[in-house]
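Q: I would like a close look at one part of this protein, the way its helices pack against one another. Please take me through it step by step, in connected prose that a first-year student can follow.

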Amino acid sequence: MNKTMTCPMMNNMNWAMAPQMYQGMEYGMEPDMEDIYAEDDRDEEYFKDMHPESCKKIMPYINKELDRMETEESPLYEEYPDRELLERMGDRIYDKAVADMPEMEEQWEGRQFGRRRFLRDLVGVLLLGELLGRRRRRRRRNYDYYNNDWYY
């Protein structure tokens, strides 16, 4: 008679296979968080590389504006950043991008969605995505791995 333990909720999966699921990790050890973060960063870069060319042209303007605003006391890192601040940043980014690349400016007459320009909305979406990534990376830096506590 086979004396291996099975789990009815997992379609009688043989528990002898469980160590194989961890692929090199010792039993009871969690994966290294830095490895997970590095994998997340690689994923982020890979998917950014898949952006359309128009987005890739706008991203340097977004990064420059975020770099300019990035300080320890920056309002970008408050729990809930001010919507008006983000709107003003988006407008500055749009204005600089259109000044350098006039072919990107859109004519808005007769637009279905009113006077709001599509490219300006795209700038706003890219800005929020990049800000989210920076906030996430900043949180990781402020995490104390040894005490599992946050410090500033």
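A: What follows looks at the packing of the helices, beginning with the whole protein and then taking the helix pairs in turn.

The model is a predicted one, and everything said here about positions and contacts should be read with that in mind. The protein has five helices and four strands, and, read along the sequence, these elements follow the pattern β-β-α-α-α-α-α-β-β. Of the 152 residues in the protein, 28% are buried. The accessible surface comes to about 12,100 Å², and 53% of that surface belongs to carbon and sulfur atoms. If one takes the contacts between residues at least 6 apart in sequence, 59% of them join residues at least 24 apart.

With that background, we can turn to helix H4, which spans residues 83-100, and to its contact with helix H3, which spans residues 53-69. The two helices pack at an angle of about 135 degrees, and their axes are 9 Å apart. An angle over 145 degrees would count as roughly antiparallel, and the angle here is about 135 degrees, so H3 and H4 are classed as oblique to each other. H3 passes H4 in a right-handed crossing. On the H3 side, the residues that make the contact are Tyr61, Ile62, Glu65, Leu66, Arg68 and Met69, while on the H4 side they are Leu85, Met89, Arg92, Ile93, Lys96, Ala97 and Asp100. Sorted by class, this contact of H3 with H4 has eight nonpolar residues, no polar ones and five charged ones.

Helix H4 also packs against helix H5, which spans residues 118-141. The angle between H4 and H5 is about 120 degrees, with the axes 9 Å apart, and that makes H4 oblique to H5. The crossing of H4 and H5 is right-handed. In this contact, Leu86, Glu87, Met89, Gly90, Asp91, Ile93, Tyr94 and Val98 of H4 meet Leu119, Arg120, Val123, Leu127, Leu128 and Leu131 of H5. By class, the residues where H4 touches H5 divide into 10 nonpolar, one polar and three charged. Met89 and Ile93 of H4 are listed in the contact with H3 and are listed again in the contact with H5.

Two residues of H4 let us look at this contact in more detail. Valine 98, which is found in helix H4, has a relative accessibility of 12% and therefore counts as buried. Leaving out residues up to four places away in sequence, valine 98 touches Glu105 and Leu119. Valine 98 and leucine 119 are 21 residues apart along the chain, and their C-alpha atoms are separated by 9.6 Å. Aspartate 91, also placed in helix H4, counts as partly exposed, because its relative accessibility is 35%. The C-alpha atom of aspartate 91 lies 8.5 Å from that of glycine 124, although these residues are 33 apart along the chain.

We can now follow helix H5 to another partner, helix H2, which spans residues 33-49. The axes of H2 and H5 come within 12 Å and cross at roughly 165 degrees, which makes H2 roughly antiparallel to H5. The crossing of H2 and H5 is left-handed. Tyr37, Asp40, Asp41, Glu44 and Lys48 of H2 make this contact together with Glu130, Gly133, Arg137 and Arg140 of H5. The residues of the contact of H2 with H5 comprise one nonpolar, one polar and seven charged.

Two arginines of H5 complete the picture. Arginine 140, placed in helix H5, has a relative accessible area of 11% and so is buried. Its C-alpha atom and that of methionine 33 are separated by 9.6 Å, while the two residues are 107 apart along the chain. Arginine 134, which is found in helix H5 as well, is buried, because its relative accessible area is 11%. Once its neighbours within four places in sequence are set aside, arginine 134 is in contact with Asn63, Leu66, Asp67, Glu70 and Tyr77. One of these, Leu66, is listed among the H3 residues that make the contact with H4.

Methods. Residues are numbered from 1 along each chain as its sequence is written. This is a predicted model: local features need pLDDT of at least 70, side-chain atom pairs count only at pLDDT 80 or more; totals for chains, interfaces and linings use all residues. Side-chain values use heavy atoms; hydrogens and water are left out. Axes are lines fitted to C-alpha atoms, for helices over the stretch in contact, and angles run from 0 to 180 degrees between N-to-C directions. Angles under 35 degrees count as roughly parallel, over 145 as roughly antiparallel, 65 to 115 as roughly perpendicular and the rest as oblique. A crossing is left-handed if the near helix is turned anticlockwise from the far one by less than a right angle, and right-handed if clockwise. Contact means heavy atoms within 4.5 Å. Ala, Val, Leu, Ile, Met, Phe, Trp, Tyr, Cys and Pro count as nonpolar, Asp, Glu, Lys and Arg as charged, and the others, Gly among them, as polar. Buried means under 20% relative accessible area, exposed over 50%, partly exposed in between (1.4 Å probe, protein chains only). Accessible areas come from the Shrake-Rupley method with a 1.4 Å probe; for residues, only the protein chains shown count as cover.
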